[in-house]
Amino acid sequence: GKRSLVESGAPRGTFETKGSDAPTSGKYVGAMMVDLRWSEPNGPNGVPLDVRRFGALLCVHRFARSKGQNHNQLQEVIEAITEFCSDQEICTRGLKGILQGTDQDLNRRYQIIKDVTGFSATL
């Protein structure tokens, strides 16, 4: 049957255990066949975690390459950093973009970031 791995109280994914009729792509653990395919729980609108991570990577890289000039992406960058706070590449690229620009741009961004609940805890 399916088994859930739990981290911090929330299911992070599942693996399948199979009987003797299991496909040969699995690995035997004792008398049990374990299917090596890993599945992550879907997020909002059924989007898998790896697809959301790839979208977040594209978002922060695009923002950093624009040197922070694409102001309407700031909210997306903040959301990407918040959702994937344990991903070093997303955080560093996102922050690099946030920290680029004129003093006026930076002051405006800092005000927006200050109003985002829990963002400072993410950092």
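The following legends describe close-up views of a predicted model.

**View 1. Overall arrangement of the predicted protein model.**
The protein comprises five helices and four strands. Read from the N terminus, the order of its elements is β-β-β-β-α-α-α-α-α. The chain has 123 residues, of which 30% count as buried. Among contacts between residues at least 6 apart in sequence, 45% join residues at least 24 apart.

**View 2. The largest nonpolar core and the helices that supply it.**
This core has 17 residues. Within the core, Val77, Ile81, Ile90 and Ile98 have the most contacts. Two or more residues each are given by helix H1 (49–65), helix H2 (74–83) and helix H3 (88–98). The most come from H1, which gives six residues.

**View 3. The buried residues of helix H2.**
In H2, the buried residues are Leu74, Val77, Ile78, Ala80 and Ile81. Around the helix axis they cover an arc of only 160 degrees, and they therefore lie on the same side of H2. Two of the residues named here, Val77 and Ile81, are also among those with the most contacts inside the largest nonpolar core. Glutamine 75 also has its place in helix H2; with a relative accessibility of 39%, glutamine 75 counts as partly exposed. The C-alpha atoms of glutamine 75 and isoleucine 112 are 8.6 Å apart in space, although the two residues are 37 residues apart in sequence.

**View 4. The buried face of helix H3 and its cover.**
Ile90, Cys91, Gly94, Gly97 and Ile98 are the buried residues of H3. Seen down the axis of H3, these residues fall within an arc of 135 degrees, so they line one face of the helix. The elements that cover them include H1, H2 and H4. Ile90 and Ile98 appear again among the residues with the most contacts inside the largest nonpolar core.

**View 5. Aspartate 87 at the start of helix H3, with its salt-bridge partner arginine 53.**
Arginine 53 and aspartate 87 form a salt bridge in which the closest N and O atoms are 2.6 Å apart. The pair ties together parts that are 34 residues apart in sequence, because arginine 53 lies in helix H1 and aspartate 87 in the loop between H2 and H3. Arginine 53 counts as partly exposed, at 30% relative accessibility, whereas aspartate 87 counts as buried, at 14%. Aspartate 87 makes a further approach at the start of H3, where one of its side-chain oxygens reaches to within 3.1 Å of the backbone nitrogen of glutamate 89.

**View 6. The salt bridge between glutamate 76 and arginine 62.**
Side chains of opposite charge can pair when their charged atoms come close. For glutamate 76 and arginine 62, the closest N and O atoms are 4.0 Å apart. Glutamate 76 belongs to helix H2 and arginine 62 to helix H1; the pair links distant parts of the chain, 14 residues apart. Glutamate 76 is partly exposed, with a relative accessible area of 40%. Arginine 62 likewise counts as partly exposed, at 42% relative accessibility. A search of the whole structure finds four salt bridges, including the one shown in this view.

**View 7. The salt bridge between arginine 108 and aspartate 105 in helix H4.**
The side chains of arginine 108 and aspartate 105 meet at an N to O distance of 3.2 Å. Both residues lie in helix H4 (residues 103–114), and because they are three residues apart, about one helical turn separates them. Arginine 108 is partly exposed, with a relative accessible area of 38%. Aspartate 105, by contrast, is buried, with a relative accessible area of 7%.

**View 8. Cysteine residues without a disulfide.**
The count of disulfides in the model is zero. The cysteine sulfur closest to that of cysteine 85 is in cysteine 91, at 6.3 Å, which is too far for a bond, since a disulfide requires sulfur atoms within 2.5 Å. Cysteine 85 is partly exposed, with a relative accessible area of 41%, whereas Cys91 is one of the buried residues of H3. Cysteine 59 is buried as well, with a relative accessible area of 4%.

Notes
Residues are numbered from 1 along each chain as its sequence is written. This is a predicted model: local features need pLDDT of at least 70, side-chain atom pairs count only at pLDDT 80 or more; totals for chains, interfaces and linings use all residues. Side-chain values use heavy atoms; hydrogens and water are left out. A nonpolar core is a set of buried Ala, Val, Leu, Ile, Met, Phe, Trp, Tyr and Cys residues joined through side-chain atoms within 4.5 Å. Buried means under 20% relative accessible area, exposed over 50%, partly exposed in between (1.4 Å probe, protein chains only). The arc is that of the directions from the helix axis to the C-beta atoms. Contact means heavy atoms within 4.5 Å. A polar contact is a pair of N or O atoms within 3.5 Å; within protein, one must be able to donate a hydrogen and the other to accept it, and residues adjacent in sequence count only if both atoms are side-chain atoms.
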